[in-house]
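User: Please take one part of this structure and look at it closely, following its neighbours outward as far as they help. I would like one connected account rather than a list.

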Amino acid sequence: MQPDNATNFIPTVADHASAAQARPDGDPHRPRFHFLPPANWMNDPNGLIQWQGTYHMFYQYNPNGPFWGTIEWGHAISTDLIHWTHLPIALAPTPASYDSDGCFSGCVVDHDGVPTIIYTGVQREEQLPCVATGDAELRTWQKYSGNPIIAAPPEDLDLVAFRDHTVWKEGDTWYQGIGSGILHIGGTVLLYRSSDLRHWEYLHPLYVGDQSQLQPVWTGSMWECPDFFPLGDRHVLVVSVWNNHRTLYPVYFVGTYADHRFTPEAGQRIDFGDSFYAPQTLRDTAGRRIMWGWLREERDVEAQLAAGWSGVMSLPRILALRPDGTLDIRPAPELARLRGRRYHLQDRDLAPESPVDLPEARGDCLEIVAEFAVGDATQVGLLLRRAPQQEEETRVYYDSPGRQVVVDGRRASLSTAAHSGEARGPLAVAQGETVRLHIFLDCSVVEVFANEQTCITERIYPTHPDSLGIALFARGGPARLTTLDVWDMAAI
């Protein structure tokens with residue numbers, strides 16, 4: 001193998017946070033059991049891999065403040081998916097080079113025992129694939145002297161953009177999908193192949209979306225952050241929808257992969273909230289497919305600058321195939337290690353329009369598992385982060401007529417800096433089936449898993465320090481709580 005041109009980076013993420021003189025620890029909106037850097041900006045998860053028993057999380061990071069720009073690859077490790085140790089910066093831009101304006105998103109693969117990063121190097125308006133190789137512990141990285149490894153996008157396509165990478169191996173051959181879009185047609189993932197991860201041959205689009213298609217989900221003009229992997233007896237393509245310079249939401253397609261072409265059979269949004277974006281997965285030694293996504297802030301830029309930090313990583317999610325071909329999505333069981341004091345309640349009738357306060361289950365860092373028999377209710381669920389006078393609260397419930405799970409944050413905060421809204425996702429409940437709402441509340445993060453098939457992640461920013469209440473409610477008719485567990489969650 002030809003040696004790569006070495007460039008070593010030794011500052012840690014914590015060093016950058018100290019240099020920026022950010023003091024976010026006292027921010028009541030800063031999550032405590034979700035991963036995030038000590039300060040400054042974070043976005044996409046990158047290069048997720050389990051290497052020699054250790055989980056490695058790389059991510060888009062700006063060392064200069066809580067705003068997008070000067071993008072490097074932050075790095076952290078974990079042995080349990082929950083507790084993370086910050087490591088030195090993995091990749092930083094090289095001045096006056098092919099990545100002088102940023103080291104954008106990509107992946108890490110095991111190339112015959114050599115950890116190898118494939119990422120997007122940015123120089124002015126040009127965004128092209130690049131390679132770097134790591135040492136045995138993934139601490140120090142060397143950029144390939146022949147970067148960029150693809151000199152230009154395909155000339156025969158009128159492309160909207162060309163960035164972000166998913167790489168896999170079939171036999172002795174490597175394949176790479178690059179996020180893109182074809183003008184006036186829709187998003188696409190362009191397929192390449194290589195024998196050495198350095199020299200690549202363009203083949204054809206792996207799959208092309210239809211920008212005019214509204215069902216099952218609209219997929220915009222360009223796809224970012226592709227991820228392509230086998231799951232059960234199918235393949236899954238995950239992309240993040242970009243349209244007219246706006247990042248929208250990630251979607252997945254489940255289908256068949258043959259002759260190096262992907263044919264979808266089912267698909268929908270991965271998360272129906274406004275915060276979750278740019279997910280990536282890894283396959284661990286237990287055979288699990290684990291996903292993380294970037295949780296965007298939903299408060300004004302001025303509030304983010306004042307806080308000194310922006311961006312959170314989602315909790316790890318385990319993916320599997322459901323019998324109907326859609327994704328089963330549930331939180332990693334390792335999260336149970338963070339559970340503390342437990343509050344339990346069961347078999348409680350809920351009268352319409354008469355919320356049941358739970359004074360022993362208050363808090364802003366909680367795991368909640370609630371199961372409801374819907375009965376005649378049109379809505380049944382929980383009120384979270386509730387102020388004593390109810391001037392602030394977030395409603396998480398099942399809407400029976402609409403067959404949807406809802407996170408309503410329109411009254412979550414009295415702050416004009418908070419972007420309040422309502423998120424809805426489909427949830428078909430069979431006759432006699434209960435609605436199970438599995439909720440993780442972490443200061444400003446609300447992650448909801450409904451019946452292991454519909455996820456909604458939202459950000460909330462209550463202003464009152466005593467907006468900590470929880471209540472059960474039903475509307476439109478009676479319902480029944482079958483069981484409720486609430487745990488205090490430890491900080492990581």
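Analyst:
**Strand β2 and its surroundings**

Strand β2 runs antiparallel to strand β3 (residues 54-62), and seven bridges join the two. The model in which this pairing appears is a predicted one. The two strands make a hairpin with two residues between them, and in its turn Q52 has a positive phi of about 50 degrees. Beside this turn, W51 stands opposite T54 of β3.

β2 also has a partner in strand β20 (residues 309-310), but here the pairing is parallel and rests on two bridges. In this pairing N40 stands opposite W309. W309 has a further neighbour of interest, since the charged end of R30 sits over its ring at 5.5 Å from the centre.

How far is β2 shielded by what surrounds it? Twelve of its twelve residues are buried, so the strand is largely enclosed by the rest of the structure.

P45, which belongs to β2 (residues 40-51), gives a detailed view of that enclosure. Its relative accessibility is 2%, so P45 counts as buried, the cut-off being under 20%. Leaving out residues up to four places away in sequence, P45 touches F58 and Y59, then A278, P279 and Q280, then W292, G293 and W294, and also M313. The C-alpha atom of P45 is separated by 9.3 Å from that of G74, a residue 29 places away along the chain.

Some of these contacts lead to a second hairpin. A278, P279 and Q280, which P45 touches, carry numbers within strand β18 (residues 276-283), while its contacts W292, G293 and W294 carry numbers within strand β19 (residues 289-295). β18 and β19 pair in the antiparallel sense over six bridges, with R283 standing opposite R289. Five residues lie between these two strands, and G287 takes a positive phi near 85 degrees in this hairpin. Seven of the eight residues of β18 are buried, so this strand too is largely enclosed by the rest of the structure.

W292 then carries the picture into the interior. Besides being touched by P45, W292 is listed with F35, M57, V236 and L327 among the residues with the most contacts inside the largest nonpolar core, which has 47 residues. In soluble globular proteins, nonpolar side chains tend to be buried together. V236 shows how such a core residue is surrounded: setting aside residues up to four places away in sequence, its contacts are D227, F228, F229, L231, Y252, F253, V254 and L327. A second core, separate from this one, has 40 residues, including V374, L427, V446 and L481.

Two of the residues that V236 touches, F228 and F253, also take part in an aromatic cluster, where ring pairs link them with W168, Y175, Y207, W223, Y257 and F262. Within this cluster, W168 and Y175 have a further relation, because W168 stands opposite Y175 in β11 and the strands β10 and β11 (residues 173-182) pair antiparallel over nine bridges. These two strands belong to an open sheet of four strands in the order β10-β11-β12-β13, with antiparallel pairing. β10 (159-170) and β13 stand at its edges with a single partner strand each, so one side of each is left without a neighbour in the sheet. On average, neighbouring strands in this sheet are turned by 25 degrees against each other, direction ignored.

The cluster is one part of a wider set of ring contacts, for a search of the whole structure finds 23 aromatic pairs. One of them joins Y192 and Y202, whose ring centres are 5.2 Å apart and whose planes stand at 55 degrees, so the pair is tilted. Y192 lies in β12 (residues 186-194) and Y202 in β13 (residues 201-208), ten residues apart. How do the two partners compare, buried or partly exposed? Y192 counts as buried at 2% relative accessibility, whereas Y202, at 24%, counts as partly exposed.

Another pair, Y397 with F473, has its ring centres 5.9 Å apart and its planes at 70 degrees, so it is edge-to-face. Y397 is in strand β28 (residues 394-399) and F473 in strand β34 (residues 469-475), so this pair ties together parts that are 76 residues apart in sequence. Both Y397 and F473 are buried.

Definitions and conventions: Residues are numbered from 1 along each chain as its sequence is written. This is a predicted model: local features need pLDDT of at least 70, side-chain atom pairs count only at pLDDT 80 or more; totals for chains, interfaces and linings use all residues. Side-chain values use heavy atoms; hydrogens and water are left out. A nonpolar core is a set of buried Ala, Val, Leu, Ile, Met, Phe, Trp, Tyr and Cys residues joined through side-chain atoms within 4.5 Å. Buried means under 20% relative accessible area, exposed over 50%, partly exposed in between (1.4 Å probe, protein chains only). Contact means heavy atoms within 4.5 Å. Rings of Phe, Tyr and Trp (its six-membered ring) pair if their centres lie within 6.5 Å; planes under 30 degrees apart count as stacked, over 60 as edge-to-face and the rest as tilted. A charge sits over a ring if NZ of Lys or CZ of Arg is within 6 Å of the ring centre and within 35 degrees of the ring normal. Two strands pair if DSSP finds at least two bridges between them. Axes are lines fitted to C-alpha atoms, for helices over the stretch in contact, and angles run from 0 to 180 degrees between N-to-C directions.
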